[in-house]
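Please open the structure in your viewer and keep the selection panel at hand. We will go through it stop by stop, with something to select at each one.

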Amino acid sequence: MPHLIIEYSANLDPRVDMAAACETLRVAMIRTGVFPCAGVRVRAHRAELFSLADAHSDNAFAHLQIRIGSGRDLATRRRAGEALMQEAQAIFAEELLTGYFALSLEICEIDAATSWKANPIHARLALTEPSEK
Amino acid sequence: MPHLIIEYSANLDPRVDMAAACETLRVAMIRTGVFPCAGVRVRAHRAELFSLADAHSDNAFAHLQIRIGSGRDLATRRRAGEALMQEAQAIFAEELLTGYFALSLEICEIDAATSWKANPIHARLALTEPSEK
Amino acid sequence: MPHLIIEYSANLDPRVDMAAACETLRVAMIRTGVFPCAGVRVRAHRAELFSLADAHSDNAFAHLQIRIGSGRDLATRRRAGEALMQEAQAIFAEELLTGYFALSLEICEIDAATSWKANPIHARLALTEPSEK
């Protein structure tokens with residue numbers, strides 16, 4: 001189930017390798033020990049149009065929304081969120097030094113009663129790579 | 001009010017007609033009998049950047065988030081969600097056979113106290129196509 | 001913290017200046033008096049693929065999702081939302097006259113216990129432009 005949805009301002013593209021960021025965050029999600037590998041889905045959406053804070057032309061942002069199945073306790077969710085925020089701060093370390101960048105991360109829980117999934121990746125990983133689940 | 005927001009990995013584009021998928025899901029939303037035609041808004045956002053599960057290069061995903069006005073009971077929401085998930089499974093039937101695709105759907109309720117709308121499509125459909133409301 | 005995420009159908013591009021809309025809504029968010037300038041992040045995501053209401057080819061939509069830190073009372077949230085909806089109705093005034101456009105706005109609260117931020121724009125604005133905070 002775990003989704004990580006990155007939104008970011010297009011002016012980050014020359015400075016941050018967002019494909020690498022997706023990959024790094026995928027590994028970080030698995031390493032929390034909280035999320036099954038087969039369910040991890042990290043993606044990034046570039047915003048071409050944005051207007052931020054004082055509208056300085058250097059202003060940039062990245063927002064990470066994590067959507068997970070409900071049922072994990074607060075301590076577990078906080079531990080996972082802190083680990084991922086730490087990873088995000090490393091990814092955007094140079095931007096965070098500039099005074100023109102805002103980073104944020106939030107965890108949302110998905111209501112089990114009104115969500116559905118069909119994920120054959122689970123079965124494939126169970127068969128071929130049990131150690132990476 | 002009913003929104004259906006599809007996010008999908010760009011590697012699905014050669015294999016799935018996502019414009020047709022939007023159209024199919026629009027019709028499916030209306031056919032649930034739960035949502036007024038004039039309010040149905042289906043859209044898809046392609047993610048060019050993503051990293052999924054075990055990072056196999058064939059891995060792909062589609063996530064459907066449905067956002068509806070609050071007030072419908074759980075049974076009604078579940079019935080609508082199941083109908084739409086069934087439709088989505090038909091749309092992505094071939095992908096679901098591959099072991100490299102993850103499909104998910106969730107319903108979120110929008111708080112009536114802090115949401116606003118202005119939708120003249122309602123008035124137009126009431127005038128010209130009463131039977132399709 | 002305050003995020004304003006606009007989704008809109010691509011057929012609005014020739015008719016509405018969405019970059020200007022982002023700028024207008026940024027100013028409007030600050031003018032509510034509810035949100036600190038340094039935290040305001042407005043962005044727009046164009047949906048190339050969509051299917052709306054009765055599927056008339058002129059149908060278009062814009063949806064504004066505002067995500068704010070929790071803790072403001074309902075009256076404050078409603079006041080902010082109404083001000084921003086008014087601004088949005090001005091931006092899309094011509095579209096709202098057509099009968100082929102749906103506008104909506106919702107406010108979501110971000111759980112403080114499971115959200116994190118690192119926003120050096122705050123410090124920069126505190127140093128250089130105290131009056132605009």
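How are α1(C) and α2(C) oriented to each other, roughly parallel or roughly antiparallel? Bear in mind, as you look, that this is a predicted model. Select residues 18–31 of chain C, which form helix α1, together with residues 74–91 of chain C, which form helix α2; their axes come within 10 Å and cross at roughly 155°. Angles over 145 degrees count as roughly antiparallel, and α1(C) and α2(C) are therefore roughly antiparallel to each other. The crossing in which α1(C) passes α2(C) is right-handed.

Now show the side chains where these helices touch: α1(C) contributes Ala21(C), Thr24(C), Leu25(C), Ala28(C) and Met29(C), while α2(C) contributes Ala83(C), Leu84(C), Glu87(C) and Ile91(C). Sorted by class, this contact has seven nonpolar residues, one polar residue and one charged residue.

Next, colour the strands by chain and follow one sheet across the chains. Six strands make up this open sheet, in the order β3(B)-β2(A)-β1(A)-β4(A)-β5(A)-β6(C), and their pairing is mixed. At the edges stand β3 (49–52) of chain B and β6 of chain C, each with a single partner strand, so one side of each is left without a neighbour in the sheet. On average, neighbouring strands of the sheet are turned by 10° against each other, if direction is ignored.

Within the sheet, select β1(A) and β4(A), which run antiparallel and are joined by six bridges; here you can find His3(A) opposite Arg67(A) in β4(A). Then move to β5(A) and to residues 115–118 of chain C, which form strand β6, where the two strands pair in the antiparallel sense over four bridges. At this place Glu106(A) stands opposite Ser115(C) in β6(C).

Widen the selection to the whole contact between chains A and C, which takes 30 residues from each of the two chains. On the side of chain A that touches chain C, β5(A) gives the most, with seven residues, and by class this side has 16 nonpolar, nine polar and five charged residues.

Finally, compare the two copies as wholes. Chain A can be laid on chain C with an RMSD of 0.0 Å by a turn of 120° and a shift of 0.0 Å along the axis, and the copies are thus related as by a three-fold rotation axis. To find the part of chain A beside this axis, select His45(A), whose C-alpha is the nearest to it in that chain, at 4.8 Å. Only 3% of the interface residues of chain A are also interface residues in chain C, so the copies meet through different surfaces.

Methods
Residues are numbered from 1 along each chain as its sequence is written. Chains are lettered from A and ligands numbered from 1 in the order in which they are written. This is a predicted model: local features need pLDDT of at least 70, side-chain atom pairs count only at pLDDT 80 or more; totals for chains, interfaces and linings use all residues. Axes are lines fitted to C-alpha atoms, for helices over the stretch in contact, and angles run from 0 to 180 degrees between N-to-C directions. Angles under 35 degrees count as roughly parallel, over 145 as roughly antiparallel, 65 to 115 as roughly perpendicular and the rest as oblique. A crossing is left-handed if the near helix is turned anticlockwise from the far one by less than a right angle, and right-handed if clockwise. Two residues are in contact if their C-beta atoms, placed from the backbone, lie within 7 Å. Ala, Val, Leu, Ile, Met, Phe, Trp, Tyr, Cys and Pro count as nonpolar, Asp, Glu, Lys and Arg as charged, and the others, Gly among them, as polar. Two strands pair if DSSP finds at least two bridges between them. Copies are superposed by least squares on the C-alpha atoms of residues with pLDDT of at least 70 in both.
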